[in-house]
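Me: Here is a model to go through, term by term. Please set each value against its definition.

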Amino acid sequence: MEIDYVKYAGILKVFSDPKRLKIIHMLSAGELCACKIQEEFHITQPTLSHDMKLMCDLGLVVPRKEGKWTHYSLNEIVLREVYQVLGKIMFEKQEVRK
């Protein structure tokens, strides 16, 4: 399995931001309206949109439009893939290529 290190570095960058990590934790309980996420952090809509776009572009979060609001949920398939790849990177011995 070839690992896309650039992709996973981007995902880890999302996980390294406390606000984004908390959003992921909030979404682990189920789908949430953007308005509920925005209320939790007392942030502006453009700020939330920036964070959510980043997470959606990486495939971590799935958006669903309903009227004027967007509802977000975790993409569990991608999160499981991240978990497996990180385990491979950290715990499987690899031959060092010269």
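Me: Which residue is the bridge partner of Val 61 in β3?

Reply: The bridge partner of Val 61 in β3 is Leu 74. A further cross-strand position is Pro 63, which stands opposite Tyr 72 in β3. The model is predicted, so local features need pLDDT of at least 70 and side-chain atom pairs pLDDT 80 or more, while totals for chains, interfaces and linings use all residues. Residues are numbered from 1 along each chain as its sequence is written, and side-chain values use heavy atoms, with hydrogens and water left out.

Me: What makes β2 and β3 a pair?

Reply: Two strands pair if DSSP finds at least two bridges between them. Six bridges join β2 to β3 (residues 69-74), and these strands run antiparallel; six satisfies the minimum of two, so they count as paired. Their hairpin has two residues between the strands, and Gly 67 there takes a positive phi near 65°.

Me: Why are β1 and β2 called edge strands?

Reply: The open sheet has three strands in the order β1-β3-β2, with antiparallel pairing. β1 (32-33) and β2 (61-66) each have a single partner strand, so one side of each has no neighbour in the sheet.

Me: How many helices and strands does the chain have, and in what order do they run?

Reply: There are five helices and three strands, running α-α-β-α-α-β-β-α from the N terminus. Both kinds are DSSP runs numbered from the N terminus: helices are H or I with at least four residues, strands are E with at least two. β1 covers 32-33, so it meets the minimum of two residues for a strand.

Me: Where does helix α2 lie relative to the sheet strands?

Reply: Helix α2 (residues 18-27) lies across β1, β2 and β3, at about 85° to β3. The angle is between N-to-C directions, on a range from 0 to 180 degrees, with axes fitted to C-alpha atoms and, for helices, over the stretch in contact (heavy atoms within 4.5 Å).

Me: Why is Ile 24 called buried?

Reply: Buried means under 20% relative accessible area, exposed over 50%, and partly exposed in between (1.4 Å probe, protein chains only). Ile 24, in helix α2, has 11%, so it counts as buried. Leaving aside neighbours within four places in sequence, Ile 24 is in contact with Val 14, Phe 15, Met 55 and Leu 74. Leu 74 is also the bridge partner of Val 61.

Me: Is Gln 38 buried or partly exposed?

Reply: Gln 38, in helix α3 (residues 34-41), has 19% relative accessibility, so it counts as buried. Beyond its neighbours within four places in sequence, its contacts are Ile 43, Thr 44, Gln 45, Leu 48 and Trp 69.

Me: What makes Ser 49 partly exposed?

Reply: Its relative accessibility is 30%, so it falls in the partly exposed range. Ser 49 belongs to helix α4 (residues 45-57). Its C-alpha atom is 8.7 Å from that of Ala 34, 15 residues apart along the chain.

Me: What percentage of the chain is buried, and what does the exposed area consist of?

Reply: Buried residues make up 34% of the 98 residues. The chain exposes about 7100 Å², with 57% supplied by carbon and sulfur atoms; the area comes from the Shrake-Rupley method with a 1.4 Å probe. The C-alpha atoms fill a box of roughly 55 × 20 × 20 Å along the principal axes.
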